[in-house]
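Student: Could we go through this model together, strand by strand and then pocket?
Tutor: Gladly; let's have a look.

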Amino acid sequence: MTGPPRLTPISSSFGQRSRIEAETGAELTDQGRFGDVCYVIVEGTANVVMNGEYVATVGPGSMVGEMALLEHRPRNASVIATEPTQVMSLSNEHLLALFDQMLLLLSWPLAPQSNWSCVGWPGRS
């Protein structure tokens, strides 16, 4: 039996311009405004603030701003860097590609063996 399909590293298609260095106090998202990207925190931390109230602190691996892209609505919180923070920006297109890959990977062990030939995964017939 072969393992699940390997994920294509979508980060390689972003290039260097998708990496952003945010200084302490920089606003990654602004509550109430529309946005065309979301961010994954690579290094550093940021505070999530809603209606002027602290909600949480997020760090490496956290994604922020994605709901505004998925729901085509204004941002529901501001996210502010609490230290020098490096983030990777994701456009709506890249975010949906990432979700597609996650869904395929998560559903792989659950699907019947006979259905895998339709998606072309090696080792499945």
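Student: Which residue in β7 is the bridge partner of Val 48?
Tutor: First, a word on the source: this is a predicted model, where local features need pLDDT of at least 70, side-chain atom pairs count only at pLDDT 80 or more, and totals for chains, interfaces and linings use all residues. Residues are numbered from 1 along each chain as its sequence is written, and side-chain values use heavy atoms, without hydrogens and water. Strands here are DSSP runs of E of at least two residues, helices are runs of H or I of at least four, both numbered from the N terminus, and β4 (residues 46-50) pairs antiparallel with β7 (residues 78-81) over four bridges. Within β7, the partner of Val 48 is Val 79.

Student: Why is one side of β2 and of β5 left without a neighbour in the sheet?
Tutor: Strands count as paired if DSSP finds at least two bridges between them. The open sheet has four strands with antiparallel pairing, in the order β2-β7-β4-β5. One side of β2 (27-29) and of β5 (53-58) is free because each has a single partner strand and stands at an edge.

Student: Which residue in β6 stands opposite Tyr 39?
Tutor: Strand β3 joins β6 through two bridges, and the two run antiparallel. Opposite Tyr 39 in β6 is Val 64.

Student: Which residue in β8 is the bridge partner of Ile 41?
Tutor: β3 (residues 37-43) and β8 (residues 85-91) run antiparallel, joined by six bridges. The β8 partner of Ile 41 is Val 87.
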